Amino acid sequence: MGHKSLWCEARRARLWYEDQGDVFVVYDYQGPRDAGLFAAYAALAKVPLVDAAQLAWTDHLNPQRLGRAGGAWFADALHAFGGVAEQPVRYTAVRRGDAVQISGLGRARRWQRTVATQAVLRSGHGVVSTTSVVGGRRLHVQWDRGIA
């Protein structure tokens, strides 16, 4: 892909991303849906890195990455015949002291599940925690060293 990636050998998971200076972009994820990098994928799709007290934006996640592993073949088949609409997620970022809390919510639509995310970024540490709830399944990760 030509982008930076994080690899978790224990979970056989990879997250492709890029820090473009004014935006942190997560491009793709491959691996199990209960790995910490999956929570980062859902919570940090495209994060504008601006110094604002509050900010809101909408991004679209790939529903094939959010679906159940057992149903992935079905989503792949649908995608081959015209595609499945991407999952819109509405994000807000609120600054609190030296931290920024990013929350996202994507309502369930046909062939998609509800997505709720939260990430905390701290100045000098990067991402310190991510939480994702996809279709009622919650995954929370504390990043000891941060993702910077």
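Here are a few friendly notes on the pocket, the core and one loop residue of this predicted model.

1. Let's start with the largest pocket, which has a volume of about 440 Å³. Its lining is made up of 25 residues, and those that lie nearest the centre are Val47, Pro48, Leu49, Val100 and Leu121.

2. On the chemistry of that lining, you will find 18 nonpolar residues, along with five charged and two polar ones.

3. As for where the lining comes from, at least two residues each are supplied by strand 2 (13-19), strand 4 (46-48), strand 6 (87-96), strand 7 (99-106), strand 8 (115-122) and strand 9 (126-134). Strand 6 gives the largest share, three residues.

4. Next, the largest nonpolar core. It holds 31 residues, and Tyr29, Leu44 and Ile102 are the ones that touch the most other members. Helix 1 (residues 36-43) contributes the largest share of this core, six residues.

5. Ile102 deserves a look of its own. Setting aside neighbours within four places in sequence, Ile102 is in contact with Ala43, Leu44, Val47, Trp57, Tyr91, Thr92, Ala93, Thr117, Gln118, Ala119 and Leu121. Two of these partners, Val47 and Leu121, also appear among the residues nearest the centre of the largest pocket.

6. Finally, Ala108, which sits in the loop between strand 7 and strand 8. Ala108 counts as partly exposed because its relative accessibility is 45%, and partly exposed covers the range between 20% and 50%. Beyond neighbours within four places in sequence, Ala108 is in contact with Arg113 and Thr114. The C-alpha atoms of Ala108 and Val134 are 9.8 Å apart, with the two residues 26 apart along the chain.

Definitions and conventions
Residues numbered from 1 in each chain as written. Predicted model: local features only at pLDDT ≥ 70, side-chain atom pairs only at ≥ 80, totals over all residues. Heavy atoms only, no water. 1 Å grid on protein atoms, 1.4 Å probe; cavity = no way out; pocket = protein on both sides within 12 Å on 5 of 7 lines; lining within 4 Å. Points joined across faces, edges and corners; volume = space filled by probe spheres on them. Helix = DSSP H or I, 4+ residues; strand = E, 2+ residues; numbered from the N terminus. Nonpolar A, V, L, I, M, F, W, Y, C, P; charged D, E, K, R; others polar. Core = buried A, V, L, I, M, F, W, Y, C linked by side-chain atoms within 4.5 Å. Buried < 20%, exposed > 50% of the residue type's maximum accessible area, 1.4 Å probe, protein only. Contact = heavy atoms within 4.5 Å.
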